[in-house]
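Biologist: Thanks for sitting down with me on this one! Could we go through the model together, question by question?

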Amino acid sequence: MLSIVVLISGGGSNLRALLEAASDRDFPARIVAVGSDTDAAGLAHAEQFGVPTFTVTPTSFADRAAWGDELLQQVEQWTPDLVVCAGFMRILPPRFVGALSPNLINTHPALLPLFPGAHAVRDALAAGATETGVTVHIVDEGVDTGPTLVQRSVAVLPGDTEHVLQERIKVIERDLLVQTVRDIATSTIDLSSIHQSNRSATPS
Ligand code: GRF
């Protein structure tokens, strides 16, 4: 059984999808804790499912590295097999990434490498894209640059606003994230070998 810590910053609909999936006894993963960088509304989902939560606020620390070290300590307390960033809106410091990657994944609302960063849906609309989507990837030290695990596309429709398109993406995103976690838990996706082959393909 794969044990997971989920990190969130917002409403936590992706977290909720994972909690619902994991409440099925046949699902091969369990969420052992949920962490946040803020008093996120989504922490309420964890509480509803009886999953412990923790919050590590950057403003309580001298710098980003110190914040990351405390976040790492809180995460490692649960000895998770996998950490899932599901709408976690902070860039993770190098020591945090180094300690957990490749068992550290993120979901992003665009077809990376297109539209990285915090405003992916807005940026896709501004660029006039006719297609965007979702990427689940391993987190590395860059911003949305780690090896892609899976992608699913979503059409941009005439008249889409940022909100409408984002909600349509998130329906697909929740499904893809749950499927990806299942595939990691059953070793259908092997994070270490994807990480290794990506490293050997990257010129040094
Ligand atoms: C998701 O679309 C995620 O990819 C993005 O922020 C959104 C979070 O949604 N970074 P939720 O908090 O899971 O509802």
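What follows is a friendly exchange about the ligand site, the record's annotations and a few backbone details.

Biologist: Before we start, what kind of model is this, and which pocket does the ligand take up?

Modeller: Keep in mind that this is a predicted model. As for the ligand, the space it takes is the largest pocket.

Biologist: Which side chain has an N or O atom 2.4 Å from an oxygen atom of the ligand?

Modeller: Let's go through the polar contacts, with a cut-off of 3.5 Å between N or O atoms. For G11, a backbone N or O atom lies 3.4 Å from a ligand oxygen. S13 uses a polar side-chain atom, 2.6 Å from an oxygen atom of the ligand. The side chain at 2.4 Å belongs to E173.

Biologist: How much of the ligand's exposed area does the protein bury?

Modeller: The starting point is the ligand taken alone, which exposes 370 Å². Of that area, the protein buries 88%.

Biologist: How many residues of the shell around the ligand are polar by class?

Modeller: The shell includes G10, G11, G12, S13 and N14, and also G87, T107 and H108. M89, P109, K170 and E173 are around the ligand too. By class, 2 are nonpolar and 2 are charged, while the number of polar residues is 8.

Biologist: Which helices and strand each supply at least two residues of that shell?

Modeller: One contributor is the helix α1 at 13-22, and another is the strand β5 at 104-108. S13 and N14, both in the shell, fall within the α1 range. With the helix at 162-185 added, the set is α1, β5 and α6.

Biologist: UniProt lists a "binding site", so which of its residues are in the lining of the largest pocket?

Modeller: The unreviewed UniProt entry gives R64, M89, R90, I91, L92 and N106. R64 is found in helix α3, residues 64-76. From the UniProt set, the pocket lining takes in M89, R90, I91, L92 and N106.

Biologist: How far apart are the end C-alpha atoms over residues 4-181?

Modeller: UniProt, again in an unreviewed entry, places "domain: Formyl transferase N-terminal" at those residues. Over that stretch the chain is 35% helix and 23% strand. The end C-alpha atoms are apart by 9 Å.

Biologist: Where does P102 lie, given the cis peptide bond from S101?

Modeller: That bond has omega near 15°. P102 lies in the loop between α4 (94-100) and β5.

Biologist: And which residue has a positive phi although it is not a glycine?

Modeller: Look at the loop between α3 and β4 (82-85). There, with a phi of about 35°, you will find T79.

Notes
Residues numbered from 1 in each chain as written. Predicted model: local features only at pLDDT ≥ 70, side-chain atom pairs only at ≥ 80, totals over all residues. Heavy atoms only, no water. Near = heavy atom within 4 Å. Polar contact = N/O pair within 3.5 Å; in protein donor to acceptor, adjacent residues only side chain to side chain. Areas by Shrake-Rupley, 256 points an atom, 1.4 Å probe, with all protein chains shown as cover. 1 Å grid on protein atoms, 1.4 Å probe; cavity = no way out; pocket = protein on both sides within 12 Å on 5 of 7 lines; lining within 4 Å. Sits in = over half its atoms within 2 Å of the grid points. Helix = DSSP H or I, 4+ residues; strand = E, 2+ residues; numbered from the N terminus. Nonpolar A, V, L, I, M, F, W, Y, C, P; charged D, E, K, R; others polar. UniProt positions renumbered as here; feature names shortened; annotations may be inferred.
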